[in-house]
Amino acid sequence: MKSLNLYDIEDLRFEEIDKPVITSPTDVIIRVKATGICGSDTSRYKKLGPYNKGMTFGHEFSGIVDSVGSQVTTVTTGDRVTGCPAIVCHQCTQCEQGNYSRCESLYVIGSLEPGCFAEFVKLPVSNVLKLPDNVNFTTAAMVEPSAVVAHGFYKTNMAPGATVAVMGCGSIGLLAIQWARIFGASHVIAIDIDDQKLTIAQTLGADYCINSNTVDLATAIDSLSYKIDVAVESAGALSTIGPVLTLPKKGGEVLLLGIPYADIQMSREQFEKILRNELNIIGSWNGLSAPFPGKEWSSTLHYMSTGELKISPIVSDILPLEQGAEIFNALINKKRHFDKVIFTP
């Protein structure tokens, strides 16, 4: 089968490899129809390299069930599905308590076992979810990042009528804007340095957009007629992790979704906001809860089905898998503008 395999930093190869086979009675093999590039994929491609040389990359996808193990009863050949790529042990103390995102052995496909930048991928049946009839494959390839965002919102104390600020309007931030609305936000503020991303943010429900590269962020926030209850950091960047602490009202919350891939610094003033404003800082990892894989997944599929989670404005490119190496190179070297990139194997 065709696949994209990571051999080293900036060494991604389009190759022919063996199709996965059923080895456990609970295995499901899925023909991949759409698979997306995650920000963590680009960081591993650019900075970290593979866990194992030559590993098939990727973890966000949707597809059609190709074959199933002898004990699989919840899906059958031909079903339209998406997959939770997180593999947990189901045995450690955190798993026993239903805290699957804290599993001592958690990893995602594409790291320690083959991922979904390929024609076929294999998962345990517990990780496979059927799609609503009206959710297409491109939309369903975004279920995993949406579940990650939902997981964070479920950890907040946000109430209907709240004001939410989202800092960083990549795909995670654009999903966060929509989840803020779903959770009942009355005002949503989008902050980024890219006017094109802010335009998409407005399309997806942001009331007020701030380009922090062209206006003073503190002045823009002070001019608002309402206070920010929840500030969401969705970029994991040096330029956002410190400033996001300055956004919420006293007693407000900061939800950290972005993953930094370098050391983070902040000013004394930014750090003191945590203390003086008695902020609640919420770290959120992955998108899992009990019963596995959790309400984040079923809720995502529901709101995709109702149209309250819109994916098409986030996707800029749908491309064949064989262009993978070229596109990763273009992404990290900023050869042109990209929003979400989806491959079709």
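I took a salt bridge to be a side-chain nitrogen of Lys or Arg within 4 Å of a carboxyl oxygen of Asp or Glu, and by this rule I counted 10 salt bridges. I note at the outset that I was working with a predicted model.

**Entry: salt bridges**

I began with Asp66 and Lys19, whose side chains meet in a salt bridge with an N to O distance of 2.9 Å. This pair links distant parts of the chain, since Asp66 sits in strand 5 (residues 60-68) and Lys19 in the loop between strand 2 and strand 3 (27-36), with their positions 47 residues apart in sequence. I looked up the accessibility of both partners: Asp66 counts as partly exposed because its relative accessibility is 24%, and Lys19, at 37%, also counts as partly exposed.

I then turned to Lys122, which forms a salt bridge with Asp27, the closest N and O atoms being 3.6 Å apart. Here too the pair links distant parts of the chain, with Lys122 in strand 9 (residues 120-124) and Asp27 in strand 3, 95 residues apart. Lys122 is partly exposed, with a relative accessible area of 22%, whereas Asp27 is buried, with a relative accessible area of 8%.

The next pair I looked up was Lys249 and Asp229, whose side chains meet in a salt bridge at 2.6 Å, N to O. Lys249 lies in the loop between helix 8 (238-241) and strand 15 (253-256), and Asp229 in the loop between helix 7 (217-222) and strand 14 (230-233), so the pair ties together parts that are 20 residues apart in sequence. Lys249 is partly exposed at 34% relative accessibility, while Asp229 is buried at 19%.

I also recorded a network of salt bridges that links Arg268, Glu272 and Arg276.

**Entry: a buried glutamate**

Which side chain of opposite charge is nearest to Glu296? I found that it is Lys295, 4.5 Å away, and that Glu296 has no salt bridge although it is buried; the cut-off for a salt bridge is 4 Å. Glu296 is found in helix 10, and its side chain is joined to that of His151 by a polar contact of 2.7 Å.

**Entry: cysteines**

I searched the whole structure for disulfides and found 0. Cys89 is in no disulfide, and the nearest cysteine sulfur, that of Cys92, is 3.7 Å away. Cys92 is likewise in no disulfide, with the sulfur of Cys89 as its nearest cysteine sulfur at 3.7 Å. The cut-off I applied to the sulfur atoms was 2.5 Å. As for accessibility, Cys89 counts as partly exposed because its relative accessibility is 25%, and Cys92 counts as buried because its value is 12%.

**Entry: backbone**

I looked for cis peptide bonds and noted one that joins Ala290 and Pro291, with omega about -5°; Pro291 has its place in the loop between strand 16 (280-283) and helix 10. The peptide bond from Phe292 to Pro293 is cis as well, with omega near 0°, and Pro293 lies in the loop between strand 16 and helix 10.

I next checked for positive phi values outside glycine. Glu10 is not a glycine, yet its phi is positive at about 60°; this residue is in the loop between strand 1 (2-8) and strand 2 (11-16), and it is partly exposed, with a relative accessible area of 42%. Lys334, also a residue other than glycine, has a positive phi near 50°. Lys334 lies in the loop between helix 11 (324-332) and strand 18 (340-344), where it counts as exposed because its relative accessibility is 70%.

**Entry: surface**

Which residues form a nonpolar patch on the surface? I listed Leu238, Ile264, Met266, Phe271 and Leu275, which together have about 460 Å² of accessible area. From this patch I followed up Leu275, which lies in helix 9 (residues 268-276) and counts as exposed because its relative accessibility is 53%.

Last, I looked up Ser312, which is found in the loop between helix 10 (295-306) and strand 17 (315-320). Ser312 is exposed, with a relative accessible area of 60%. From C-alpha to C-alpha, Ser312 and His302 are 16 Å apart in space, while in sequence they are 10 residues apart.

Definitions and conventions. Residues numbered from 1 in each chain as written. Predicted model: local features only at pLDDT ≥ 70, side-chain atom pairs only at ≥ 80, totals over all residues. Heavy atoms only, no water. Patch = residues over 30% accessible without salt bridge, like charges linked within 9 Å, V, L, I, M, F, W, Y side chains within 5 Å. Areas by Shrake-Rupley, 256 points an atom, 1.4 Å probe, with all protein chains shown as cover. Helix = DSSP H or I, 4+ residues; strand = E, 2+ residues; numbered from the N terminus. Buried < 20%, exposed > 50% of the residue type's maximum accessible area, 1.4 Å probe, protein only. Lys, Arg positive; Asp, Glu negative; His and termini not counted. Polar contact = N/O pair within 3.5 Å; in protein donor to acceptor, adjacent residues only side chain to side chain.
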